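Could you walk me through this model, one selection at a time? I have it open in a viewer and would like to know where to click next.

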Amino acid sequence: MAWKTAAMTAAMLAVAGSAGAAEGDPLSGYRWKSRVLVLAAPDGDDAQLKAQRQAMASGRTGASARDLVTVEAVGKGAEASALRRHLGLPDNAFRAVLVGKDGGAKLTSEEPIPPQRLFSTIDAMPMRQDEAKQR
């Protein structure tokens with residue numbers, strides 16, 4: 001299932017990124033709609049990438065409740081390279097970056113981020129607190 005999610009988010013990135021790429025922001029299609037966890041890795045066999053995918057699979061409900069989607073920048077493809085370049089990430093190492101609905105990087109890690117840390121970071125954001133009050 002994680003692979004399906006990754007493939008779907010990669011497809012969404014390609015669609016969302018086409019309009020934003022002209023403006024230099026491959027994540028512009030998500031702005032003000034979703035928070036994005038960007039997973040960057042040199043290849044799909046990266047151990048930290050696999051660990052982050054597994055961690056997120058266990059936190060699917062919490063991610064959905066927080067409008068959190070996962071987008072992968074894996075390998076040397078054009079979309080992956082553009083996304084890494086936009087976020088200032090290396091192409092030869094794992095990185096996980098939480099991007100807020102405003103398009104700003106809120107948390108960057110060289111190691112997989114436990115879902116609870118992601119969720120607590122999101123829950124502390126003013127926009128998330130406003131969302132919680134409205135629901």
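Start by selecting Arg 95, which you will find in strand 3. The model is a predicted one, so treat each stop as a feature of a prediction. Is Arg 95 buried or exposed? Its relative accessibility is 17%, and because the cut-off for buried is under 20%, Arg 95 counts as buried. Now show what surrounds this side chain. Setting aside neighbours within four places in sequence, Arg 95 is in contact with Val 38, Leu 39, Ala 40, Leu 89, Pro 90, Ser 109 and Glu 110.

Stay with strand 3 and add strand 4 to your selection. The two strands run antiparallel and are joined by 4 bridges. To see one pairing, click on Val 97: its bridge partner in strand 4 is Thr 108. Then follow the chain through the hairpin, where 5 residues sit between the strands. Among them, stop at Gly 103, which takes a positive phi near 90 degrees.

Next, pick Lys 101, in the loop between strand 3 (95-99) and strand 4 (105-109). Which residue does Lys 101 meet in a salt bridge? The partner is Glu 131, with the closest N and O atoms 2.6 Å apart. Glu 131 lies in helix 6, so this pair ties together parts that are 30 residues apart in sequence. Both ends are tucked away: Lys 101 counts as buried at 8% relative accessibility, and Glu 131 counts as buried at 11%.

Keep Glu 131 selected and look for another partner. Its side chain also meets that of Arg 35 in a salt bridge, at 3.1 Å from N to O. Here distant parts of the chain are linked, since Glu 131 belongs to helix 6 (residues 126-134) and Arg 35 to strand 1 (residues 35-41), 96 residues apart. Arg 35 is buried, as is Glu 131.

Now widen the view. Select Arg 35, Arg 66, Asp 67, Lys 101, Asp 123, Arg 128 and Glu 131 together, and you have a network of salt bridges. In total, the structure holds 10 salt bridges.

For another salt bridge, move to Arg 53 and Glu 72, whose closest N and O atoms are 2.8 Å apart. Arg 53 is in helix 2 (residues 47-58) and Glu 72 in strand 2 (residues 68-74), so the pair ties together parts 19 residues apart in sequence. Arg 53 and Glu 72 are both buried.

Turn next to helix 4, residues 78-87, and colour its buried residues: Ala 80, Leu 83, Arg 84 and Leu 87. Why do they fall on the same side of helix 4? They cover an arc of only 95 degrees around the axis, which places them together on that side. Rotate to the other side of helix 4 and you will see Ala 78 and Arg 85, which are exposed. Just after the helix, click on Gly 88, where phi is positive at about 70 degrees.

Finish with helix 5, residues 115-123. Its buried residues include Pro 115, Leu 118, Phe 119 and Ile 122. These cover an arc of only 95 degrees around the axis, which puts them on the same side of helix 5.

Note on methods:
Residues numbered from 1 in each chain as written. Predicted model: local features only at pLDDT ≥ 70, side-chain atom pairs only at ≥ 80, totals over all residues. Heavy atoms only, no water. Buried < 20%, exposed > 50% of the residue type's maximum accessible area, 1.4 Å probe, protein only. Arc of directions from axis to C-beta. Salt bridge = Lys/Arg side-chain N within 4 Å of Asp/Glu carboxyl O. Pairing = 2+ DSSP bridges. Contact = heavy atoms within 4.5 Å.
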